[in-house]
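Visitor: Please take me through one part of this protein in detail. I would like a strand, its partners and what surrounds them.

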Amino acid sequence: MLGRATVVAGLAGVLGAHRLADLPGGGTLALASSMLGVASWAVWRAHARAAERPGRVRAGVLAALRGPMLCLLSAWSGFVFTVLGAQTRLDQSLAGINVDKVSRVTLRVDSLPRLQPDRLDFEAVVLDAHPGGVPERIRVRWPAGGWRGPYAPARPPETPFPEVRPGQVWRMALVLRPVRATLNFHAFDAEAHAFAAGIRAQGSVRGTPEWLRDEDWAGLSVIAGRARHAVREAIAPYLRDLRYGPVLRALAIGDQDGVDDTDWTVFNRTGITHLVSISGSHITMLAGAAALAVSFLWRRLRWRGRVLAERWPARRAGAVAALLTAWLYCLLAGWGVPARRTFMMLAVVAGAQALQLRISGSRVLALAAVAVVATDPWSVLSGGFWLSFLAVAVLLAVGARAEERPAAGASAAALIPPRRCDRWLRGLKIAARLQWAVTWALAAPLAWIFHEVSLVSPLANAYAIPVIELLVTPLSLLLAAVALAPGLESVAAVLAWLAHGLLALMMRPTEWLAALPAWPVPAGPAWVYLLGMAGVAAALWPGACPSRHRAWAWFALAPMLLWPPDRPGDGEWDLSALDVGQGSALLIRTARHSLLFDAGARHARHADEGARTVVPALKALGVARLDALIVSHADLDHAGGVRSVLAAVPVRQAFSSFDLESWLHAETRKLYAKTTPLPQAASPCRFGDRWRMDGVEFEFLWPLDARARRKGVEANAGSCVLRVRGAHHSLLLTGDIERHAESALVERGLTPADIVVAAHHGSRTSSSAPFVDAVAARHVVFQVGAWNRHGHPDAAVVARWRQSGAIPWRTDLQGGVNARSRADGLMLSGALGSFRRYWHGRRF
């Protein structure tokens, strides 16, 4: 038990290091390590001396201190190990002189390229750079020439990309930037994901790159990447026209690019995401098949007149075959966290078998966790790390309980071999019990991440697991093997047709289940999720609590499932200025109502900030419906995400400065979509229109009439302008109005506001001096994207707001900005300032 406790303590130390905003210096680590070492030596020395004098109370006390001291040493070792590795990676940063500048780089492709209709992405190792100061590992984006706009259909570019494979060496001109991603409260941290992968800069190709040579054997990652590329190219002709072809490719080699976003939504809502990627169960299944095959042959093959099993046990030969097969498959799958966990567990089991050691499942898990974290201390940043180990722990615990039950009630009749149907029935009961246990064990952590609990997950997994695990995945792997062999094209086509047919048949009820509502779980304090996990552990883990009290442990999930979203009181309001890059999306919440002003940008046919950022934010905040949706004007950086928002949540009333319904129908045609989501009612923004919700007044100050419903610059001039007045503070949302509209507002007697969202993202054509003076804001929010091509916000505009006494808040520097109007004051906070980690750096 002490060994497993030290492993948990070491993981806590690793995780604690990743929670730091700034890393401690080497001197601090050395001093603390010395002090801890002296304290440990003193405890051990005192215990040794006390052991020589039996019968003294002090010996028992010192013996009791040894366990906590070991845990403390393990935690500190994990902490120091992680800090030193993180500091080494931080030192690999992009020099300031290279930021947003063209650098000439010689690089080697080090990952499987991701080919999109409009670009090619891959990770690379930098071999040489001019000027210097370029990190060793970067992400490269090679855009296609002649961008056709966000509604362009997915088709190859006019000038096809050359074939890019792992191991190729290229000379490129790249515009390099540090890794920067949108940052919002309760949202995925893409910068942490890039840092964990060692990506310290991202570059965009300029001009025509030059191929230099191939380095096929440059390293294990290159060799594995070459193999994955070969398999992908071999199976591509058979999957190209199939609806779920990308899913079959993901099952074969772990390449998830091309899987439709709507499919991911279905997988997430039904809880089968773990099945459509290469998971531990897939690897274990393949390794087990290899072990059985080798063991079978090993007992029957002879060499020099003796059966091979007489020279070396067949069981060990099968274990070696399973380990080798798992290792090769993990490399082919991309060596993700679930794959590494599975391989490490199989390695521990194989090692114990080779040494003839009896080792429990919990010890296997602990040793696998140590191996995974020792090779990659950033793996704990992945939700897959915790979900993967938690799922296996539950399977081990509940499976052991299921095996013990017949033995506990054994009788003479029970010793009679059961009939085949009874064995099948018992197997189905155990499988159902395991699935039920895993579903509820993962409910709390999944709710923490996705802010909802799937109610249909047990049912969907009940039929999806056997179909995908036993049929679709083996067929996909067999397709990959057959496609590489010449002369078997017809066999590969049949395998692809059969695998796709089974998957498509399985997806019909799955899509219906995904349409059913899930249980919403708004973002709450950490303790509600931890309490839920503890309650599930007590209910499922053997011996965790008495059997008669086990049912009560399930009530520990109640705080999480029933946690009310944090809402302001009457007359108060909350503002969430979301970080949506170069766009706008603002959520205002009162005591019982919610209003969204703009919905972010559309980037491509299947990519917009409404689905990527706004809808997840609504889930996290517990917003199940919008009482009002205001689309300030028709520019895609403000209206691009409207369709996704309307498809996700009901909207009672929409306001816009243009004909929103006609615009949505036109967008439906451009996207070749089947349906057009519409609000329940729609009206134009009209000067003087006002209403009250929960003691907060909303009023349109602009446009004066409907003549602004035109394209081009006039669309900016006709933007909706909304004033929000609560019992204590006021807010002004300005859209993209410019100086002419600002002057008209000032002439009409514009009153001061506590917070103003800068017009047109801080453009120099807005925020005129008379307007800034009239508003007299205490805070100004700039919704802008990092290194945007417009140069927003303009430096002179920011200086003008500062001189007026306003505190500037920028989403490109501080992430999403939250404002809370309360009787005791106005409080603003940025996402970066609230949970900055060392990999974010200092941006302001």
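Guide: Here is a close look at strand S22 and its surroundings.

This is a predicted model, in which local features need pLDDT of at least 70 and side-chain atom pairs count only at pLDDT 80 or more, while totals for chains, interfaces and linings use all residues. Residues are numbered from 1 along each chain as its sequence is written, and side-chain values use heavy atoms, with hydrogens and water left out.

Start with the strand itself. S22 covers residues 730-733. Helices (H or I, at least four residues) and strands (E, at least two) are DSSP runs, numbered from the N terminus. Ser730 and Leu732 point one way from S22. Leu731 and Leu733 point the other way. All four are buried, meaning under 20% relative accessible area, where exposed is over 50% and partly exposed lies in between (1.4 Å probe, protein chains only).

Now the neighbours. Two strands pair if DSSP finds at least two bridges between them. S21 (residues 721-725) pairs with S22 in the antiparallel sense, over 4 bridges. A hairpin of 4 residues joins S21 to S22. Within this pair, Leu722 stands opposite Leu733. S23 (residues 755-757) pairs with S22 in the parallel sense, over 3 bridges. Here Leu733 stands opposite Val757.

The connection to S23 runs through a helix. S22, H26 (residues 739-747) and S23 form a right-handed β-α-β unit. Right-handed means that, with the strands pointing away from the viewer, the path from the first strand over the helix to the second runs clockwise.

H26 has a buried side. Ala741, Glu742, Ala744 and Leu745 are buried there. They cover an arc of only 160° around the axis, so they sit on the same side of H26. The arc is that of the directions from the helix axis to the C-beta atoms. The face turned away from this buried side carries the exposed residues His740 and Glu747. Just after H26, Gly749 takes a positive phi of about 90°.

Next, the disulfide. The term means a pair of cysteine sulfur atoms within 2.5 Å. A search of the whole structure finds 1. Cys685 is joined to Cys720, with S to S at 2.0 Å. The link of Cys685 and Cys720 is right-handed, with 80° about the S-S bond. Cys685 lies in the loop between S18 (682-684) and S19 (690-693), and Cys720 in the loop between H25 (713-717) and S21, so the pair ties together parts that are 35 residues apart in sequence. Cys685 counts as buried at 4% relative accessibility. Cys720 counts as buried at 0%.

Last, the cores. A nonpolar core is a set of buried Ala, Val, Leu, Ile, Met, Phe, Trp, Tyr and Cys residues joined through side-chain atoms within 4.5 Å. The largest one has 66 residues, of which Phe267, Phe385, Leu479 and Leu503 touch the most other members. Helix H16 (residues 457-484) gives the largest share of this core, 10 residues. Apart from it lies another core, of 29 residues. Among its members are Ala577, Ile588, Val724 and Val757. Val757 brings us back to the strand we began with: this residue of S23 stands opposite Leu733.
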